[in-house]
Amino acid sequence: MRVRKHAKKITMLEEKMMDDGEMNTRECHDWLNARIRFGVTMNWVGNVLAKCGLFESTGSEMVGGPSGSYRILIWDSRRRHENE
């Protein structure tokens, strides 16, 4: 794993996905910010999820907001699909 600073939290997030199922990027961001002292940015979360190797993107969903609608990715643990 290339993430050094919060490696334990990233593996805890992966274990949570193994237990509870898929999470979108915003849910991952909120979960990590609740557990990391000074928090992380949304860009950091997206980069870690994409480049870490523990996670894979399984789709996307549209989210509407006051500034318009946009897509966020849905992530799942890569180990879940290897076991099936």
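**Exercises on the nonpolar core and helix α3**

The largest nonpolar core of this structure has 15 residues, and those with the most contacts inside it are L13, M17, C28, L32, L49 and F55. Two or more residues of this core come from each of the elements α1 (7-20), α2 (25-35) and α3 (42-51). The model is a predicted one.

**Exercise 1.** Determine which residues F55 is in contact with, leaving aside its neighbours within four places in sequence.

*Solution.* Step 1: F55 is among the residues with the most contacts inside the largest nonpolar core. Step 2: with those sequence neighbours left aside, F55 is in contact with I10, L13, E14, M17, L49, W75, D76 and R78.

**Exercise 2.** Establish how the buried residues of α3 are arranged around its axis.

*Solution.* Step 1: the buried residues in α3 include V45, V48 and L49. Step 2: viewed down the helix axis, the buried residues of α3 fall within an arc of 95 degrees, so they line one face of the helix. Step 3: an α-helix has 3.6 residues a turn, so residues three or four places apart point the same way. Step 4: N43, A50 and K51 are exposed residues on the face of α3 turned away from its buried side. Step 5: the cover over the buried residues of α3 includes α1, α2, β2 (55-65) and β3 (68-77).

**Exercise 3.** Decide whether D76 counts as buried or exposed, and locate D76 in the fold.

*Solution.* Step 1: D76 lies in strand β3. Step 2: the cut-off for buried is under 20% relative accessible area. Step 3: D76 has 3% relative accessibility and therefore counts as buried. Step 4: D76 and M23 are 53 residues apart along the chain, while their C-alpha atoms are separated by 6.6 Å.

Methods. Residues numbered from 1 in each chain as written. Predicted model: local features only at pLDDT ≥ 70, side-chain atom pairs only at ≥ 80, totals over all residues. Heavy atoms only, no water. Core = buried A, V, L, I, M, F, W, Y, C linked by side-chain atoms within 4.5 Å. Buried < 20%, exposed > 50% of the residue type's maximum accessible area, 1.4 Å probe, protein only. Helix = DSSP H or I, 4+ residues; strand = E, 2+ residues; numbered from the N terminus. Contact = heavy atoms within 4.5 Å. Arc of directions from axis to C-beta.
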